[in-house]
Amino acid sequence: MQDSFLQPVTANPDHVANSLIQKAHNRDGLPEIAIGVIFLAVAGLLWADVVLPPGSAGHKAGALVFGLVVPTLILVSQWAIKKVRRRYLIERVGYVEFKPVNRKRSFLVIAIAFAVAIAAAFAAFKGAFPPASWFLAGLGIFGGALAAHAGRIPRFVIGGMVMAVLGILIGFSRVSLGLGQAIFYGFMGLLSLVSGIVVLLLFLRKPTGMGE
C-alpha cells in the first residue's frame, strides 16, 4: 500500500492498476514454474529433433508431438495456475476475477503469430533463413525485452538481461540452429523453474494475509 502513495498524481489509473495486477499475478512464482516447464519441454523436443536422423519415423513423430504438446502446455498451464491458486493458495492470494481479455487485441496477436510462423516455415523451406547466429541473438534480445516488459519486477528484468546475453553468446558460438535453440530454452527453462520454486517457497513462508 505504501507504494501506491508514491505514484504521481498524474499517473494513468489503468496503467497503475495493470502494474499492480501484474505484480500480484507473479508474486507466488507459479507463472515462472509454468514457463520453466514449457521451456524445458521445448528444449527436450528440440534436442530430439537434433539427435534423431532426418526423415526417420522418430524425427517425423517429434515434429508432430512438438506441434501438439507445446500449444497444449501453454493452454493447460493457465488453467493449472488458476486451479492451484483456488485449491491451495486462496487464503494467501485471495480471489481475483480478471478483466476479460480484449478480443480484438487477442485476434491481432494470434494473426501476427500465425503470419510469423508461416513466414518462418516458408523461409526455412526456401533456405532463406537468416544465419543461426543472428536468429539466436535476436531470439535472446527479443525474448529478454519481452520478459522484462511483461514482468515489470526486478527478477524479471534480471532474467530478461540473462536471456539477452545468453542468446548473443549462443548465437556467436557457431553451434547449429537446432542445438542452439535447445541449449537456450533448456537453460532459460531451468532458470525460470528454479526461480519460480524459490519464489513459491518464500511466498508460502509468509504469514497468511500478509501483503506485499
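**Notebook: aromatic rings and nonpolar cores**

I began with the charges and rings of this predicted model, and found the charged end of Arg87 over the ring of Tyr88, 5.0 Å from the ring centre.

Next I looked up the aromatic pairs, taking ring centres within 6.5 Å as the limit, and the count came to two. In one of them, the rings of Phe39 and Tyr185 have centres 5.3 Å apart and planes at 80 degrees, and because an angle over 60 counts as edge-to-face, I entered the pair as such. Phe39 belongs to helix 3 (residues 30-51) and Tyr185 to helix 9 (residues 177-205), so this pair ties together parts that lie 146 residues apart in sequence.

I then noted that Phe184 and Tyr185 also pair edge-to-face, at 5.4 Å centre to centre and with 85 degrees between the planes. Phe39, Phe184 and Tyr185 thus go into my notes as one aromatic cluster.

Are Phe184 and Tyr185 buried or exposed? I read 3% relative accessibility for Phe184, which counts as buried, and 17% for Tyr185, which counts as buried too.

Turning to the largest nonpolar core, I listed 16 residues, of which Val42, Phe184, Tyr185 and Met188 touch the most other members. Helix 3, helix 7 (132-151), helix 8 (154-171) and helix 9 are the elements that give this core two or more residues, and the largest share, six residues, comes from helix 3.

For Phe184 I also checked contacts, leaving out residues up to four places away in sequence, and recorded Leu139, Gly140, Met163, Leu166, Gly167 and Ile170. Lastly, I found a second, separate core of seven residues, among them Ile33, Ala34, Ile81 and Leu200.

Key:
Residues are numbered from 1 along each chain as its sequence is written. This is a predicted model: local features need pLDDT of at least 70, side-chain atom pairs count only at pLDDT 80 or more; totals for chains, interfaces and linings use all residues. Side-chain values use heavy atoms; hydrogens and water are left out. Rings of Phe, Tyr and Trp (its six-membered ring) pair if their centres lie within 6.5 Å; planes under 30 degrees apart count as stacked, over 60 as edge-to-face and the rest as tilted. Helices (H or I, at least four residues) and strands (E, at least two) are DSSP runs, numbered from the N terminus. Buried means under 20% relative accessible area, exposed over 50%, partly exposed in between (1.4 Å probe, protein chains only). A charge sits over a ring if NZ of Lys or CZ of Arg is within 6 Å of the ring centre and within 35 degrees of the ring normal. A nonpolar core is a set of buried Ala, Val, Leu, Ile, Met, Phe, Trp, Tyr and Cys residues joined through side-chain atoms within 4.5 Å. Contact means heavy atoms within 4.5 Å.
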